[in-house]
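Q: I would like to learn how to read a protein model feature by feature. Where do we begin?

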Protein chains: 2
Amino acid sequence: EEAKAVGWGILGTADIARKLVRAISRAGGSRLVAVGSRTLERVESWCEQNQIPSEVARYGNYEEVLRDGKVDVVYIPLPTSMHKEWVQKAADAGKHILCEKPVGMNAQEVEEMIACCEHNNVQFMDGVMWMHHVRVPVLRKAVDNQDMMGEVVRIVTSFTFFGGEEFDRTNIRMKSNLDGLGCVGDLGWYNVRAIVWAFQKEPNEVYAVAHKRNSEGVIKSLNATLFYDDGRFASLDCGFDTNCRQTLEIAGTKSSIRLDDFVLNASEESSSFIVNTSAFKDSGMIVEQTSSKHEAGGCCQEVRMVECMSKIVRTRQLEDYWPKIALQTQRTIDAIMKSAESGQPVKLK
Amino acid sequence: EEAKAVGWGILGTADIARKLVRAISRAGGSRLVAVGSRTLERVESWCEQNQIPSEVARYGNYEEVLRDGKVDVVYIPLPTSMHKEWVQKAADAGKHILCEKPVGMNAQEVEEMIACCEHNNVQFMDGVMWMHHVRVPVLRKAVDNQDMMGEVVRIVTSFTFFGGEEFDRTNIRMKSNLDGLGCVGDLGWYNVRAIVWAFQKEPNEVYAVAHKRNSEGVIKSLNATLFYDDGRFASLDCGFDTNCRQTLEIAGTKSSIRLDDFVLNASEESSSFIVNTSAFKDSGMIVEQTSSKHEAGGCCQEVRMVECMSKIVRTRQLEDYWPKIALQTQRTIDAIMKSAESGQPVKLK
């Protein structure tokens, strides 16, 4: 396609933005055109550190990024508490939006953001990079393969890393006024997304327990059970208190699928998942077990995410799927937070 | 050791008993001397099917096994609802006892069984075969290796198999008057045992949900969270509704240990577990991951269990450990059942 490259702007100079800068530079039909930060000094220093080409505009505030006519789409890696304001401002400025997760502090905020994007006819997408990996459609096909899986009845997923004491005290993800959802927003978002994606709907009810909080009351360790119709369920644990685990198990009546790197793929050259097909035989005397590794191709999922968004912008074919699944995720996160506060199961409407 | 072989009697002709017959025949210092069933016809037919040598006594009831002077220890694979009666009768007859799990319908029963065994100075042990595998002490050492694991903070474990419709209707494990604990007693017992074993104590509190029940109300699918001090926790799922999964993950601040065959080992020649040591680096840009397989030796765990019991009988060195951990397991199972009934978290005393 010989189209003009889609122009990307970035609001904020968070660490995570570096990943996207790299992805934009590698993605087809996409180029970085502007970066904004709170001060010009800050943006200059960040651009130098990250070797941003000189033709990329530097702004000492976010508004100018939104006024820049070369910017078609903005990436918003700001603290969660600032998302609603800047998503709405960006949408009102006619910019498409890729917003880091957790999208909002609650579903009410997210509904308003999405309504504003719809009103302005711009795309909304949350930054769940793993959803764009080439492995995902292969996985979808496997999950839906009833001959192999039988009925898919439960999911078990974990996402943790060990932050340590300084992290608990100083990291933005532990600040109640900035990212008040703590490990639930930062890590649980991916677990919930995987569950909503696999079962293709949000749960009916949620029960969650916060096992650890920091001195500000922000959750640093949690587990939850998500209830679906007909006895299907999912369980997840997330936390900043355990070594890095990023596992997803999708279990059916006939087989189980397992991924040990569902969020951050270890390699760009290849990816895979395991299918375990086992059964007790002879009244539990023996287990017949087969385990097979399914290769699913390699890619850089951030590059694919940028390309997906740029294509939407270029073709003007907005995709309902992305705001919908972001909102389903947020609604489930809301129920998790409410259950963790109340100590009671919480139904989703 | 040139000692006289320990004499084993079996009360009941359940399928599972075949496994123990084979184990007794292979175990050093152990021999099968008597089998009892409800009728002589039944025991004769079972002995023929399982090629039981003719010198093994056949009894058309359980009492005669307990009166047989050659019997030092009895194995009790009867339905759970019958355990208390026959454990007490066996103990009163001076026999040591290996009792299938779940040990009792509730902890009160198990306390009475154990008190009776103590009174009669006989060993009580539940039939958790995996605890006797040569892998277990190797695993213990790994779990306790703080340099490798850091602090052990959470456990995730699953044990399921797919029973199917006929199983739900007819299997003894789905009969409320025989094995009323359903999948919790049959499968969850192993999950709970692994958690109690790994954390070396029972939880403070439990929350459990029964996701499916059969027409008699017996639980066929459940998950639970077990709460420990200081924010440590464990989650488990068990059920007769999912393909065979028998996973145990013990996660620390530095590493995680994973077993995919913690109950029934696929091979007698070898066993292993995986140690995953991973961390996010560079603000979550990359994951540094190492995964190593630890070989832990091969054995037949049933043979080891029989040898363990026969040694206790021969040396008359009763081991407090086995009744204690069986009771801890039952207490936790009780709390799980109570929580599943009430829909509320249940504290253990």
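The dialogue below takes up an interface, a helix and a loop residue.

A: One caution before we start: this is a predicted model.

Q: How many residues does each chain bring to the contact between chain A and chain B?

A: Count the residues on each side. Chain A gives 57 residues, and chain B gives 57 residues. Then look at area. The two chains bury about 4,600 Å² between them, with 53% of it on carbon and sulfur atoms.

Q: Which charged and polar links cross this interface, and how many are there?

A: Start with salt bridges, then widen to polar contacts. The rule finds six salt bridges between chain A and chain B. A:Arg154 pairs with B:Asp237 in a salt bridge, and their closest N and O atoms are 2.6 Å apart. Residue pairs in polar contact between the chains number 24, counting pairs with both at pLDDT 80 or more.

Q: Which element gives the largest share of the chain A side?

A: Strand E11 of chain A, residues 241-252, does, with nine residues. The chain A side as a whole divides into 20 nonpolar, 22 polar and 15 charged residues.

Q: Now a helix. What span does helix H5 of chain A reach, and what is expected?

A: Compare length with residue count. H5 of chain A covers residues 107-119, so 13 residues at 1.5 Å a residue give an expected 18 Å. The helix reaches 18 Å from its first C-alpha to its last, close to that value.

Q: Which residues of H5(A) are buried?

A: Here is the general idea. An α-helix has 3.6 residues a turn, so residues three or four places apart point the same way. In H5(A), the buried residues are A:Ala107, A:Glu109, A:Val110, A:Met113, A:Ile114, A:Cys116 and A:Cys117. They pack against helices H4 and H11 and strands E5 and E6 of chain A.

Q: What should I check at the two ends of H5(A)?

A: At the start, look for a side chain reaching a backbone nitrogen. A side-chain oxygen of A:Asn106 comes to within 3.2 Å of the backbone nitrogen of A:Gln108. After the helix, check phi. A:Asn121 follows H5(A), and its phi is positive, near 60°.

Q: Last, a loop residue. Is B:Met174 buried or exposed?

A: Place the residue, then read its accessibility. B:Met174 sits in the loop between helix H8 and helix H9 of chain B. B:Met174 counts as buried because its relative accessibility is 0%, and the cut-off is under 20%. Among the residues B:Met174 touches are B:Phe167, B:Asn214, B:Val218, B:Ile219 and B:Phe240.

How values were computed
Residues are numbered from 1 along each chain as its sequence is written. Chains are lettered from A and ligands numbered from 1 in the order in which they are written. This is a predicted model: local features need pLDDT of at least 70, side-chain atom pairs count only at pLDDT 80 or more; totals for chains, interfaces and linings use all residues. Side-chain values use heavy atoms; hydrogens and water are left out. Contact means heavy atoms within 4.5 Å. Buried area is the accessible area (1.4 Å probe) that two parts lose on being put together, summed over both. A salt bridge is a side-chain nitrogen of Lys or Arg within 4 Å of a carboxyl oxygen of Asp or Glu. A polar contact is a pair of N or O atoms within 3.5 Å; within protein, one must be able to donate a hydrogen and the other to accept it, and residues adjacent in sequence count only if both atoms are side-chain atoms. Helices (H or I, at least four residues) and strands (E, at least two) are DSSP runs, numbered from the N terminus. Ala, Val, Leu, Ile, Met, Phe, Trp, Tyr, Cys and Pro count as nonpolar, Asp, Glu, Lys and Arg as charged, and the others, Gly among them, as polar. Buried means under 20% relative accessible area, exposed over 50%, partly exposed in between (1.4 Å probe, protein chains only).
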